[in-house]
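Student: I have a model open on my screen and would like to learn how to read it. Could you walk me through some features?

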Amino acid sequence: MMYGDIGRLSCSVSSTSFSTQTRGQGLDLKEFSSMLHKALEGAVVLESFPKTTVDDFALVLESGGSNFTVSFLYSVSW
């Protein structure tokens with residue numbers, strides 16, 4: 001594996017099967033992961049940490065309609 005001059009940010013959002021009231025009405029988790037990555041890449045200074053990987057995992061247990069907001073606020077609170 002080749003290391004770059006800057007670090008790497010990886011974001012993943014997933015949900016449980018019982019997170020929504022209507023089964024089969026899934027969340028667009030790939031879009032949430034992409035939005036979370038875009039929101040965090042400005043906050044994490046990856047140029048200062050070469051050879052570093054920052055992994056951010058968010059699990060939606062109950063969906064009340066503001067999943068991305070809660071995922072983002074949890075991610076930036078660490």
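Tutor: Happily; we will go through a strand, a helix and the core, keeping in mind that this is a predicted model.

Student: Let's begin with strand S2. Which side chains along S2 point to one face and are buried, and which point to the other?

Tutor: The general idea first: in a regular strand the side chains alternate between the two faces of the sheet. Here, Val54, Asp56, Ala58 and Val60 of S2 point to one face and are buried. Thr53, Asp55, Phe57 and Leu59 point to the other face and are not buried.

Student: How does Thr53 count, given its relative accessibility?

Tutor: Thr53 counts as partly exposed because its relative accessibility is 40%, and the range for that class lies between 20% and 50%. Thr53 lies in strand S2, and its C-alpha atom is separated by 5.9 Å from that of Leu9, although the two are 44 residues apart along the chain.

Student: In what sense do S1 and S2 pair, and over how many bridges?

Tutor: S1 and S2 pair in the parallel sense, over 8 bridges. To find one of them on your screen, look at Ser12, whose bridge partner in S2 is Phe57.

Student: Now the helix. Which residues of H1 are buried, and where do they fall when seen down the axis?

Tutor: The buried residues of H1 are Phe32, Ser33, Leu36 and Leu40. Seen down the axis of H1, these buried residues fall within an arc of 100 degrees, so they line one face of the helix. Lys30 and Lys38, on the other side of H1, are exposed.

Student: Ser33 catches my eye in that list. What is Ser33 in contact with?

Tutor: Ser33 counts as buried because its relative accessibility is 14%. Leaving aside neighbours within four places in sequence, Ser33 is in contact with Cys11, Ser12 and Val13. A polar atom of the Ser33 side chain lies 2.9 Å from the backbone nitrogen of Val13.

Student: And the core: how many residues does the largest nonpolar core have, and which elements give two or more of them?

Tutor: In soluble globular proteins, nonpolar side chains tend to be buried together. The largest nonpolar core here has 11 residues, including Leu9, Phe32, Val44, Leu46 and Val54. Strand S1 (8-15), helix H1 (29-41) and strand S2 (53-60) each give two or more residues to this core. Cys11 is another residue of the core; not counting residues up to four places away in sequence, Cys11 touches Ser33, Leu36, His37, Leu40 and Asp56.

How values were computed:
Residues numbered from 1 in each chain as written. Predicted model: local features only at pLDDT ≥ 70, side-chain atom pairs only at ≥ 80, totals over all residues. Heavy atoms only, no water. Core = buried A, V, L, I, M, F, W, Y, C linked by side-chain atoms within 4.5 Å. Buried < 20%, exposed > 50% of the residue type's maximum accessible area, 1.4 Å probe, protein only. Helix = DSSP H or I, 4+ residues; strand = E, 2+ residues; numbered from the N terminus. Contact = heavy atoms within 4.5 Å. Polar contact = N/O pair within 3.5 Å; in protein donor to acceptor, adjacent residues only side chain to side chain. Pairing = 2+ DSSP bridges. Arc of directions from axis to C-beta.
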